[in-house]
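Colleague: I should be grateful for a close look at one part of this model, with its neighbours taken in turn. Please explain each term as you come to it.

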Amino acid sequence: MSRPASSKRQRPSPRESFPKPLREADFSRVEGVFTDVDGTLTTSHRLRAQTIRALERLAEAGLKVVLVSGRPAGWGEAWARTLPVEGVIVENGGLFFVRGAKGLRKVYLEPPKERAENRRRLRSEVLRVLKRVPGAQLSSDSAYTEVDLAIDYNEEARLGDTAAGRIEALLRERGVTAVRSSVHVNCWLGRFDKLIATRRFAREAWGQALHPEDGRFVYAGDSFNDAPMFQAFALSVGVANVRSVLNRIEAPPAFITRAAEGRGFEELARAILVPRDRLQE
């Protein structure tokens, strides 16, 4: 597929930039939406009916919708089978689920032998770190992971930012990739992240190269592990609760909603759909 004329803009340095109001974004060329889940689609850790309806309305308008999350493979398969989305990327890019002619397909970013070796070493390194941070424990949903592991600091546990930062630092000292979501410190061994998996998903699902700077795709998120996506997508959107990490995140979103969490995503969906609704009137 040929690449359309680019509307790439020069983004300022992350340390100099600040998200613009959502009303300043141009969504006229949008073909799809990639979105984080926790703190972006969820509100107080739950999916509102109105947020699911926003996903439905985007799909009904012909837009591609893909979830991109640090949650486990088990959750991703359930979402892919039950929500109005074209696919789900989980475990911070370790694998994804994509709909095809023969049904739902699971794709890993790494071959089986490398994945198994990384998994064994990861568990060993994580257990070492858990012993060094009082109260640290694996998230309850780590039992359903296949590639990464998650340490709970803000879901069932209440460890706070200082402990979460120490967990990240200790893991990185051991050569483990560690990134923080709104609820967990996710960690893995391997050459992947949300952005790498998103590009691979576009090739597998749609047979096209993803050029996130050209204005055809939106990314929505709220936390530290969304930074690579915020950096890459010209139309990157943070729901309002991202403000709590703006002074610490490596790359901020280009735009920000007025509302937080799932309500912020609903606001984004309306902003994308309004021009299309007007064309149909």
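Modeller: Helices (H or I, at least four residues) and strands (E, at least two) are DSSP runs, numbered from the N terminus. The model is a predicted one, in which local features need pLDDT of at least 70 and side-chain atom pairs count only at pLDDT 80 or more, while totals for chains, interfaces and linings use all residues. Residues are numbered from 1 along each chain as its sequence is written, and side-chain values use heavy atoms, with hydrogens and water left out.

The part I have chosen is an open sheet of three strands in the order β9-β11-β10, with antiparallel pairing; two strands count as paired if DSSP finds at least two bridges between them. Strands β9 (149–152) and β10 (177–180) form the edges, each pairing on one side only. From one strand to the next, the twist averages 25 degrees. β9 is joined to β11 (residues 184–188) by four bridges, and the two run antiparallel. Within this pair, Leu149 stands opposite Cys187 of β11.

Two helices accompany the sheet. Helix α3 (residues 112–130) lies across β9 and β11, at about 15 degrees to β9; axes are lines fitted to C-alpha atoms, for helices over the stretch in contact, and angles run from 0 to 180 degrees between N-to-C directions. Helix α4 (residues 160–173) packs on the sheet and touches β9, β10 and β11, where contact means heavy atoms within 4.5 Å. The direction of α4 makes about 160 degrees with that of β10.

Nonpolar packing can be followed from here. A nonpolar core is a set of buried Ala, Val, Leu, Ile, Met, Phe, Trp, Tyr and Cys residues joined through side-chain atoms within 4.5 Å; buried means under 20% relative accessible area, exposed over 50% and partly exposed in between (1.4 Å probe, protein chains only). The largest core has 65 residues, with Phe27 and Phe34 making the most contacts inside it. A second, separate core of 19 residues includes Leu149 of the sheet just described, along with Tyr153, Ala163 and Val176.

One loop residue also touches the end of β10. Ser223 lies in the loop between β12 (217–221) and α6 (227–232). Leaving aside residues up to four places away in sequence, its contacts include Arg180, Ser181 and Ser182. Ser223 counts as buried because its relative accessibility is 3%.

Elsewhere, the pairing is of the other kind. Strand β2 (residues 32–35) runs parallel to β5 and is joined to β5 by four bridges, with Leu67 as the bridge partner of Thr35. Strand β6 (residues 87–90) also pairs with β5 in the parallel sense, over three bridges; here Leu67 has Val88 as its bridge partner. Between β5 and β6 the chain passes through helix α2 (residues 73–82), in a right-handed β-α-β crossover: with the strands pointing away from the viewer, the path from the first strand over the helix to the second runs clockwise. Five of the five residues of β5 (residues 64–68) are buried, so this strand is largely enclosed by the rest of the structure.

Finally, a word on confidence. The average pLDDT, which is the predictor's confidence in each residue from 0 to 100, is 92 for the protein, and 92% of the residues score at least 70. Over residues 1–16, however, pLDDT stays under 50.
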